[in-house]
2 protein chains.
Amino acid sequence: MQLVSIWRIIAAMKHALNHKPDYEKELRKAGVRITRPRRIILDILTSTEDHPDAMKIFHRAIEIDNSISLSTVYRTMNLLEELGAIHRHAFNGGPSRFEQAHGEHHDHLIDIDTGAVIEFKSDKIEKLQLEIAKSLGYDIVHHRLELYGRKLDRPS
Amino acid sequence: MQLVSIWRIIAAMKHALNHKPDYEKELRKAGVRITRPRRIILDILTSTEDHPDAMKIFHRAIEIDNSISLSTVYRTMNLLEELGAIHRHAFNGGPSRFEQAHGEHHDHLIDIDTGAVIEFKSDKIEKLQLEIAKSLGYDIVHHRLELYGRKLDRPS
DNA sequence: ACACTAGTTGCAAAGATTCTCAACTGGAAA
DNA sequence: TTTCCAGTTGAGAATCTTTGCAACTAGTGT
C-alpha cells in the first residue's frame, strides 16, 4: 500500500462525512426521499465539473449501479430542477444539459457558436430583478437569466 | 352578392396591406425567406390568442395547406425563437407552447402557484446585460430572463 | 421572363423525454 | 425491529422533437 492512497482515503472520508449528508439533509427537509438511484445521481452531479446531459448522467450512473433506468434519471432531473438544486440548459435544439446549483447563484452566457457555457454573476441585476418583482407584487423564488452571444473578436 | 361580404373583403385587404407585410418585411430584413409554410404558420401565430403547442399549430396549418409537415412547424418555431419573434414556454414536462412576441422585447415573471405568465421589460437590466457580455468578450444575440415568483399578498 | 443557388421542405428514421403500471422501498409509526 | 403505505423505480410503450437527404423554391442577378 502506498502512502498516496492513504490521503485519497482520507479525502474520501472527508467528502463522505461533510459534503454528502449536507444536501441529502436539505433534500429530506424538503420532503424528498433519498433513494439509492437518487443518491448516485446526486453524487455524479456533485463531483462533476462539466454540464452533462441525461444520457451522460445515465451512463455514469450504470457504472455504479447497472439497474438504474434512464427514466429515473429524467425524473430525478425534473425533481431537482423544481427544487432549484440544479439548473437546466437547453442549447440549440440539443438535449438538455444539467449543472448542480452552487451555493452561490450565477447566471449564464452561452456561446451560440460553440455551445460553451460561461458563468457570471451580477448583484446589480439581481437587485433590479427583486425591485421589478416587488413592483409587480411578487416575491422571487428563483430565476433564470441566459445570455446567448457570440465572441466579439472571432475571425470572420 | 351581399353587402356584408364587401366589408369582409375590405377588412381582409386592410389586413393584407397593413399587418402581414409588416412582420414579413422584418423577417426578410433578418435574412429569412418567406416561404408558403412559414407564411401560414406566421398567420396562425398572429391571429391566435392562446399559446398553442407544435401539434396544435400543425393541425391548424394543414387545414390551410395539407402538404405542410410537422417537421417544418418545429423548424419554424426554432427559427422564430432564435430571432426573438416568438417565446417558448415549457410548462411542467408537457410539450413546448409558443406565443408571438410583441414588437417590443419583454421578459417573463412566472407565478409558480398558478402558472400565470406576466410580461415586463427593463431597460436597465438590458443595459447591464450588454455591459456584462462585453466585459466577457461577447456580443449578445438574444437572451432569456425568467423570474419565478409567488404573490406577496396571497392569503396563506 | 429565365436561370441559378443557397436555403427550405416533406418524409421517414432517429433521438430525446415523458408516461403507464406492477413491483419495490424509504422512513414513519408502533 | 417489524409493519405499513405513499412515493419511487425499471421496463417498455407512447409522445415529442430533431435530423439526413433528395426534391423543391424564394429571391437574386441577367
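**Two chains and two DNA strands: a walk through the model**

Hi everyone, let me start with chain A: of its 156 residues, 34% are buried, where buried means under 20% relative accessible area, exposed over 50% and partly exposed in between, using a 1.4 Å probe and protein chains only. Before going on, please keep in mind that this is a predicted model, in which local features need pLDDT of at least 70 and side-chain atom pairs count only at pLDDT 80 or more, while totals for chains, interfaces and linings use all residues. Residues are numbered from 1 along each chain as its sequence is written, chains are lettered from A and ligands numbered from 1 in the order in which they are written, and side-chain values use heavy atoms, with hydrogens and water left out.

Now the fold. Chain A has five helices and five strands, and along the sequence they run α-α-α-α-β-β-β-β-α-β. Helices here are DSSP runs of H or I with at least four residues, strands are runs of E with at least two, and both are numbered from the N terminus. The accessible surface of chain A is about 9700 Å², with 53% of it on carbon and sulfur atoms; that area comes from the Shrake-Rupley method with a 1.4 Å probe, and for residues only the protein chains shown count as cover.

On to the partner chain. How many residues of chain A are in contact with chain B? There are 33, and they meet 33 residues of chain B, contact meaning heavy atoms within 4.5 Å. Together the two chains bury about 3100 Å², 70% of it on carbon and sulfur atoms. On the chain A side, A:Y138, A:R144 and A:Y148 lose the most area to chain B, together 22% of what that side buries. Buried area, by the way, is the accessible area (1.4 Å probe) that two parts lose on being put together, summed over both.

One residue I'd like you to find is A:L145, in strand β5 (residues 138-151) of chain A. Why does A:L145 count as buried? Because its relative accessibility is 2%. Leaving aside residues up to four places away in sequence, A:L145 touches A:D107, A:H108, A:F120, A:I125 and A:Q129, and across in the other chain B:Q129, B:R144 and B:L145.

Now the DNA. Strand C is surrounded by 21 residues, and the closest are A:Y74, B:R33, B:T35, B:T72 and B:R75; a residue is near a strand if one of its heavy atoms lies within 4 Å of it. Sugar and phosphate make up 62% of the strand C atoms that come within 4 Å of the protein. Which element gives the largest share of this surface? It is α4(A), with five residues.

For polar contacts (pairs of N or O atoms within 3.5 Å; within protein, one must be able to donate a hydrogen and the other to accept it, and residues adjacent in sequence count only if both atoms are side-chain atoms), look at the side chain of B:T35, with an N or O atom 2.8 Å from a phosphate oxygen of strand C. A polar side-chain atom of A:S71 is 3.4 Å from a base nitrogen of strand C, and one of A:S71 lies 2.9 Å from a base oxygen of strand D.

Staying with strand D, the backbone of A:S69 places an N or O atom 3.2 Å from a phosphate oxygen. Here α4(B) gives the most to the nearby surface, with five residues. Thanks, everyone!
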